[in-house]
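Hi there,

Here is the structure I said I would pass on. Have a look, and then read on for what turned up.

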2 protein chains.
Amino acid sequence: MRHVLIGLLIGLTSLSLAAENLPSWNDTASKKAIVEFVEQVTTPGASTFVQPADRIAVFDNDGTLWSEQPMYVQLAFLIDRVKALAPQHPDWQTTQPFKAVLENDMPGVLRSGEQGLLQLLAASHAGMTNVEFRQTVRDWLVSATHPTTDRPYTAMVYQPMLELLDYLRANGFKTYIVSGGGVEFMRAWVQEVYGVPPEQVIGSSLKSTFEVRDGVPAIVRMGEISFVNDKQGKPVAIENHIGKRPVIAVGNSDGDLQMLQWTSAGDGPRLGVIVHHTDGVREFSYDRDSKVGQLDQALGLAPQMGWTVVDMKNDWRVVFPGN
Amino acid sequence: MRHVLIGLLIGLTSLSLAAENLPSWNDTASKKAIVEFVEQVTTPGASTFVQPADRIAVFDNDGTLWSEQPMYVQLAFLIDRVKALAPQHPDWQTTQPFKAVLENDMPGVLRSGEQGLLQLLAASHAGMTNVEFRQTVRDWLVSATHPTTDRPYTAMVYQPMLELLDYLRANGFKTYIVSGGGVEFMRAWVQEVYGVPPEQVIGSSLKSTFEVRDGVPAIVRMGEISFVNDKQGKPVAIENHIGKRPVIAVGNSDGDLQMLQWTSAGDGPRLGVIVHHTDGVREFSYDRDSKVGQLDQALGLAPQMGWTVVDMKNDWRVVFPGN
């Protein structure tokens with residue numbers, strides 16, 4: 001009887017601690033699955049216990065930690081950056097793909113294809129040091145606002161996910177971002193917004209070159225892609241950068257499928273989480289047919305893989321901070 | 001007077017603590033420079049104070065943390081591995097560059113050039129998962145011995161450097177390895193030997209591919225080089241992987257020059273250290289003319305850059321553990 005009482009007390013305590021830790025999550029199956037998993041891997045002596053050194057959690061960014069609709073934030077930055085630089089490049093008024101950007105002609109931008117996108121990337125993201133680039137991103141974030149909500153982009157992060165990051169770190173997890181977005185674009189702000197330090201950000205990258213100019217060493221960003229951190233690229237980059245298989249993977253689209261598969265196939269307890277955008281009122285509603293953040297194959301595989309599908313509408317008490 | 005006494009006491013205390021921390025270092029200028037630097041950056045309120053999050057120390061491996069003479073340890077592994085696999089490849093008896101390896105014909109191996117080395121790399125380092133490769137390296141390290149000392153290679157690490165790694169970590173530094181060696185070759189043993197976890201190892205790498213075979217996801221090593229982490233590559237890789245400029249860089253050859261330059265050019269206090277192989281009795285004596293670990297340009301620049309040049313013969317009380 002005493003054991004039952006103690007067990008009950010422990011159960012109540014951990015429930016109330018969990019409630020404190022994830023206050024923006026409703027008490028639905030998703031939260032229960034996350035909290036139970038974390039308790040399993042952090043209970044000393046349990047067969048499911050995971051050493052703190054192996055508690056690696058990887059998070060996609062676009063659509064998982066912040067909004068990716070109606071377009072990736074980095075694409076909005078690219079467009080604004082090209083417009084800001086246009087006065088120094090009069091030829092852009094008549095040259096594609098720049099002309100299309102300056103005329104807000106998105107179909108025209110798309111028609112310029114991969115080659116066009118690379119030209120836009122080189123013009124807006126390269127030819128400077130990483131320090132300079134991060135500052136450019138920070139300066140932009142101060143005034144740029146989301147096209148439909150008018151909020152700053154850094155206020156378009158998901159409050160329940162901020163809490164999940166904190167909750168995992170409080171339980172000894174090292175939290176990584178593993179995103180298709182540019183690694184330096186993210187490093188400009190993710191420490192402040194997510195509490196994730198630069199060395200725990202994995203992303204797509206441009207090539208860069210080390211040179212000594214007038215005796216001063218500099219690393220300069222080149223207008224050439226080095227790595228695309230999407231789909232198959234994600235587990236490869238995780239392996240290369242971290243060298244450990246994650247225990248928890250959180251994503252929202254088919255770009256995260258391979259990262260989820262890789263994580264779930266590890267020995268011992270593993271947690272896969274998919275953020276499902278079901279809330280067209282408070283955020284956006286999209287999945288299988290979306291051009292941005294398409295979630296089709298991973299959603300279909302979720303039941304058999306045991307992945308927790310977060311239903312934003314029903315699982316989240318609030319979506320954005322300060323609401 | 002009281003302040004002078006307290007100052008004296010604090011001075012004595014920190015000296016004795018330092019003596020405890022680096023017992024295999026003689027009380028020469030090198031140790032003094034290291035200890036004074038660490039005190040400068042860890043004293044709260046000092047203008048030279050560095051926040052713990054920014055305390056990044058990068059170490060080369062070959063010739064800096066363990067011996068690289070008469071040949072890189074990974075090259076010894078490659079040769080042994082080719083020999084071990086030879087019975088499964090009868091054609092290697094008559095095909096270069098394998099024939100040269102099997103006949104211990106090093107000039108013949110060198111004549112096969114870059115293309116030959118790539119073939120040897122592919123045969124010995126690729127076609128398996130990282131988990132399998134690490135196990136192969138660990139199995140080899142159990143029985144392989146250094147050609148001139150007969151010690152296991154993991155006993156050819158430098159005791160004073162093990163103490164320096166510990167001392168820096170005790171002072172809040174995150175210690176990284178930034179080596180031209182293969183990242184997975186190192187991850188097989190550096191946690192155990194140096195206390196450096198996989199996510200803090202940066203090295204050269206092969207391309208790898210993610211695939212799902214019979215429903216099981218695997219990351220397989222390919223026989224193609226992805227990145228060579230040497231010279232200009234080192235600061236580029238540090239920037240890409242860590243995203244912060246190191247506060248301390250330690251190397252021993254011209255392959256570390258750019259990493260030292262990049263580190264020293266940062267704002268605020270920075271420490272560059274070069275291990276100079278001056279001890280032909282206890283280890284090996286080499287620098288400007290060596291084919292392995294050539295130290296020429298960096299040694300010449302050391303005085304004007306303020307880099308601490310460690311004289312192994314005079315600065316180290318012992319070289320290897322257990323001596």
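Across the interface of chain B and chain A, the rule finds four salt bridges. One of them joins the side chains of Glu199(A) and Lys174(B), with 2.9 Å from N to O. Please keep in mind that this is a predicted model.

Polar contacts appear here too: 16 residue pairs span the interface of chain B and chain A, both partners being at pLDDT 80 or more. On chain B, several elements each supply at least two residues of the side that touches chain A, among them strand S2 (174–182), strand S3 (201–213), strand S4 (216–227) and helix H11 (233–241). That side of chain B is made up of 14 nonpolar, eleven polar and seven charged residues.

As for extent, chain B and chain A each bring 32 residues to the contact. Between them the two chains bury about 2,600 Å², and 57% of that lies on carbon and sulfur atoms. Three residues, Glu199(B), Phe210(B) and Ile219(B), account for 24% of the area that chain B buries against chain A, more than any other three residues.

Now the symmetry. Chain B superposes on chain A (RMSD 0.0 Å) after a rotation of 180° with 0.0 Å of shift along the axis, which is the relation of a two-fold axis. Within chain B, His241(B) has the C-alpha nearest the axis, 3.5 Å from it. Both copies use the same surface, as 100% of the contact residues of chain B recur in chain A.

Happy to talk it over whenever suits you.

Best wishes

How values were computed:
Residues are numbered from 1 along each chain as its sequence is written. Chains are lettered from A and ligands numbered from 1 in the order in which they are written. This is a predicted model: local features need pLDDT of at least 70, side-chain atom pairs count only at pLDDT 80 or more; totals for chains, interfaces and linings use all residues. Side-chain values use heavy atoms; hydrogens and water are left out. Contact means heavy atoms within 4.5 Å. Buried area is the accessible area (1.4 Å probe) that two parts lose on being put together, summed over both. A polar contact is a pair of N or O atoms within 3.5 Å; within protein, one must be able to donate a hydrogen and the other to accept it, and residues adjacent in sequence count only if both atoms are side-chain atoms. Helices (H or I, at least four residues) and strands (E, at least two) are DSSP runs, numbered from the N terminus. Ala, Val, Leu, Ile, Met, Phe, Trp, Tyr, Cys and Pro count as nonpolar, Asp, Glu, Lys and Arg as charged, and the others, Gly among them, as polar. Copies are superposed by least squares on the C-alpha atoms of residues with pLDDT of at least 70 in both.
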